[in-house]
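Reader: I've got a model on my screen and I'd like to talk it through. Can we take it piece by piece?

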Amino acid sequence: MTTDTDSATGEPTLTIDELAARAGITVRTVRFYGTKGLIPPPVIGPRRVGHYGPAHLARLNLIEELQHQGMTLAAIERYMEQLPADLSHHDLAIHRAVVASWAPDSVETVTPEELRRRAGRALSEEDVERLTAMGMVRREGDAFRVDSGLLRLAVQLLDVPLSQEAILAAREVMIEHSRAAARELSRLFRSEVSERAEEDVKSLSAHMQPIVVQALLTTFQRSLKEEVHQWLAAPEEGRPA
């Protein structure tokens, strides 16, 4: 089975056909996004064959989510242009998860085959059980109720060496503080638009959504980096050997 990157060199190894299949789109669409600059060029390997990696797939998943939120192609292009060029596929997955959180309801019922297609990889029964424990998947007879907006991020967590308890605790922390931020931001915005016409409110919301998402991500990433640096600089007590 082809992997996202070569274990020896770290270079991307997905062909354009494999990338399209993972993303659930056509090869023609991948090429179109490439011409628009929405995804970086592939790495050219032997016999002039282009190869793609996790960052390409993560960008395609983010584009899909932005489309799901109703953004036009022009708006998506502006959004993607503002992202740092060196974002890792993990950072892009976080962007997608935050964007998905704006959706009123991203939970839907899918078949086992559709669940695995959206996950972008084969899922063992143990994997499905872990996704269920995370709250991303719920069995309903022969089908599954899936939080589509967070599924890809949850699938990536399957390979992270963290206990189920730590993942669930982190999820609760993120939910608690993101809701608190959303309440405060909503209160501020309501005071700004209380006297404006409905169309003005809709326009402001459409412009503010991607700005707020990026502001939250940037603030969080900087804060997390500072916390990690302080932790590493702290005395050895409480740190792993």
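Reader: What is the strand order of the open sheet of 3 strands?

Author: Keep in mind that this is a predicted model. The pairing in this sheet is antiparallel. Strand 3 (107-110) and strand 4 (137-140) each have a single partner strand, so one side of each is left without a neighbour in the sheet. With those two at the edges, the order reads 3-5-4.

Reader: By how many degrees are neighbouring strands of this sheet turned against each other on average?

Author: Direction is ignored for this value. The average turn between neighbours comes to 25°.

Reader: Strand 4 and strand 5 form a hairpin, so which residue in the turn has a positive phi?

Author: Strand 5 covers residues 143-147 and pairs with strand 4 in the antiparallel sense over 4 bridges. Between the two strands sit 2 residues. The one with a positive phi, about 65°, is Gly141.

Reader: Which residue in strand 5 is the bridge partner of Arg138?

Author: Start with Arg139, whose bridge partner in strand 5 is Phe144. For Arg138, the partner in strand 5 is Arg145.

Reader: And which residue forms a salt bridge with Arg138?

Author: Arg138 is partly exposed, at 47% relative accessibility. Its salt-bridge partner is partly exposed too, at 38%. The closest N and O atoms of the pair are 3.2 Å apart, and the partner is Glu140.

Reader: Which helix lies across strand 3, strand 4 and strand 5?

Author: Two helices are worth a look here. Helix 7 (residues 125-133) lies across strand 4 and strand 5, at about 110° to strand 4. The one that lies across strand 3 as well, running at about 125° to that strand, spans residues 112-119 and is helix 6.

Reader: Which residue meets Glu108 in a salt bridge at 2.8 Å?

Author: Glu108 sits in strand 3 and its partner in helix 6, so the pair ties together parts that are 10 residues apart in sequence. Glu108 is partly exposed, with a relative accessible area of 31%. The partner also counts as partly exposed, at 21%. That partner is Arg118.

Reader: Which residues are linked with Glu108 in a network of salt bridges?

Author: Arg118 is one of them, given its contact with Glu108 at 2.8 Å, N to O. The full set linked with Glu108 is Glu114, Arg117 and Arg118.

Reader: Asp127 and Arg121 meet in a salt bridge. Is Asp127 buried or exposed?

Author: The two side chains come to 3.8 Å, N to O. Arg121 is partly exposed, at 28% relative accessibility. Asp127 has 14%, which is under the 20% cut-off, so Asp127 counts as buried.

Reader: How many salt bridges does the count come to?

Author: We've already met some, including Glu140 with Arg138 and Asp127 with Arg121. The count comes to 8.

Reader: Over on the surface, which helix gives the most to the nonpolar patch?

Author: The patch is formed by Met174, Phe220, Leu224, Val228, Trp231 and Leu232, with about 550 Å² of accessible area together. Among them, Trp231 is partly exposed at 42% relative accessibility, and its place is in helix 10. With 5 residues in the patch, the top contributor (residues 198-233) is helix 10.

Definitions and conventions:
Residues numbered from 1 in each chain as written. Predicted model: local features only at pLDDT ≥ 70, side-chain atom pairs only at ≥ 80, totals over all residues. Heavy atoms only, no water. Pairing = 2+ DSSP bridges. Axes fitted to C-alpha atoms, helices over the stretch in contact; angles between N-to-C directions. Contact = heavy atoms within 4.5 Å. Patch = residues over 30% accessible without salt bridge, like charges linked within 9 Å, V, L, I, M, F, W, Y side chains within 5 Å. Areas by Shrake-Rupley, 256 points an atom, 1.4 Å probe, with all protein chains shown as cover. Salt bridge = Lys/Arg side-chain N within 4 Å of Asp/Glu carboxyl O. Buried < 20%, exposed > 50% of the residue type's maximum accessible area, 1.4 Å probe, protein only.
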